[in-house]
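I opened a fresh notebook page for this protein and wrote down each thing I looked up. Come and read along with me.

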Amino acid sequence: MDSTTTALETEPPVNVRPSRDEDVEAMLAIYRRHVRRGVEDSAAGSGAPEPDDLKQRRKNLRNQRLPHLVATFRGEVVGYAYVVQFRKRPAYRFAVKHSIYVHHEHLSRGVGRLLMQALIDACAAAGYRQMIGYIDADNTASLSIHERFGFVRVGLLPGVAYRYGRWSDTVMVQRSLGPGASEAPPPGLGR
């Protein structure tokens, strides 16, 4: 057996679990890098919440039974994912919008795939029917993973982001969960 294969087979697994307050700093570091990537230093704001704001957001999501997850490798947070209500109006209570962020040193290791599956499973179990995401049109890796998980492209928002000295598009994707829109939700669900 080749030593590369042996080393890979003995690597500890990436674990996915609900996020904790002690994960906040690592999540914010991952988020800041993603948000600032390709944006000139002179642009105002970091777009990142303060640690206490993120702790409060996590608490609010938990109270609404919305997943907020982290992926860990060797005890370190290497990615995180969460969903929020797609819209706040009651008619949209069965649709969620998701976000997944992976540490730049752990891309292409299956972290995003594990987080995506965990989000889909948690949202379907909670009775949500539609999952929506927004992806930079140049992010072919993210578009591919979404396609593998059954998301379809449902919209294009041309020129809504300015990065790397040029305008870029955003692709809107959507995936049905459970019976999707083929039947009404059970009475009492989604209150």
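Before the first look-up I needed a word: two parts are in contact when heavy atoms lie within 4.5 Å. With that settled, I noted that helix α4 (residues 111-125) lies across β1, β2 (68-73), β3 (76-85), β4 (95-102), β5 and β7. Its direction is at about 160° to that of β4. I also reminded myself that this is a predicted model.

**Entry 1: the overall inventory**

I asked how many helices and strands the protein has. I found five helices and seven strands. Going along the sequence, I wrote the pattern down as α-β-α-α-β-β-β-α-β-α-β-β.

Next I looked up burial and found that 36% of the 191 residues count as buried. For the surface I noted an accessible area of about 11400 Å², and carbon and sulfur atoms hold 51% of it. I then turned to contacts with a separation of 6 or more, and 62% of them link residues 24 or more positions apart.

**Entry 2: the sheet**

In what order do the strands sit in the sheet? I read β1-β2-β3-β4-β5-β7-β6, an open sheet of seven strands with mixed pairing. At the edges I found β1 (15-18) and β6 (152-163), each pairing on one side only. From one strand to the next, the twist averages 25°.

**Entry 3: β2, β3 and β4**

I started with β2 and β3, which pair in the antiparallel sense over six bridges. One pair I marked was T72 with its bridge partner V77 in β3. The two strands form a hairpin with two residues between them. In that turn I stopped at R74, which has a positive phi of about 55°.

On to the next pairing: β3 and β4 run antiparallel and are joined by seven bridges. Here I found Y80 opposite Y101 in β4.

Why do I call β3 largely enclosed by the rest of the structure? Seven of its ten residues are buried, so the label fits.

**Entry 4: β5 and its two neighbours**

I moved on to β5 (residues 130-136). Parallel or antiparallel to β4? The answer is parallel, with three bridges joining β4 to β5. In this pairing K97 stands opposite I132 in β5. I followed the chain from β4 through α4 to β5 and noted that this β-α-β crossover is right-handed.

On its pairing with β7 (residues 166-176), I wrote that β5 runs antiparallel and that seven bridges join the two strands. I marked two of the facing pairs: G133 stands opposite V173 in β7, and Q130 stands opposite S176 in β7.

I checked burial here too. Five of the seven residues of β5 are buried, so this strand is largely enclosed by the rest of the structure.

**Entry 5: helix α5**

Which strands does helix α5 (residues 140-148) lie across? I listed β4, β5, β6 and β7, with the helix running at about 160° to β5.

Then I looked up which residues of α5 are buried, and got S142, L143, I145 and H146. They cover an arc of only 165° around the axis, so they sit on the same side of α5. On the face turned away from that buried side I found the exposed residues T140, A141 and R148. As for what covers the buried residues of α5, my list includes β4, α4, β5, β6 and β7.

Just after α5 I noticed G150, which takes a positive phi of about 90°.

**Entry 6: a closer look at H146**

I picked one residue of helix α5 to follow up, and chose H146. Why does H146 count as buried? The cut-off is under 20% relative accessible area. H146 has a relative accessible area of 5%, so it counts as buried.

What does H146 touch, leaving aside its neighbours within four places in sequence? I wrote down contacts with H98, M116, I135, F151 and V173. I had already met V173, the residue in β7 that G133 stands opposite.

**Last entry: looking back**

Two threads of my notes meet at the sheet. Helix α4 lies across six strands that I listed at the start, among them β4 and β5. Helix α5 lies across β4, β5, β6 and β7.

Methods:
Residues are numbered from 1 along each chain as its sequence is written. This is a predicted model: local features need pLDDT of at least 70, side-chain atom pairs count only at pLDDT 80 or more; totals for chains, interfaces and linings use all residues. Side-chain values use heavy atoms; hydrogens and water are left out. Helices (H or I, at least four residues) and strands (E, at least two) are DSSP runs, numbered from the N terminus. Buried means under 20% relative accessible area, exposed over 50%, partly exposed in between (1.4 Å probe, protein chains only). Accessible areas come from the Shrake-Rupley method with a 1.4 Å probe; for residues, only the protein chains shown count as cover. Two strands pair if DSSP finds at least two bridges between them. Axes are lines fitted to C-alpha atoms, for helices over the stretch in contact, and angles run from 0 to 180 degrees between N-to-C directions. A crossover is right-handed if, with the strands pointing away from the viewer, the path from the first strand over the helix to the second runs clockwise. The arc is that of the directions from the helix axis to the C-beta atoms.
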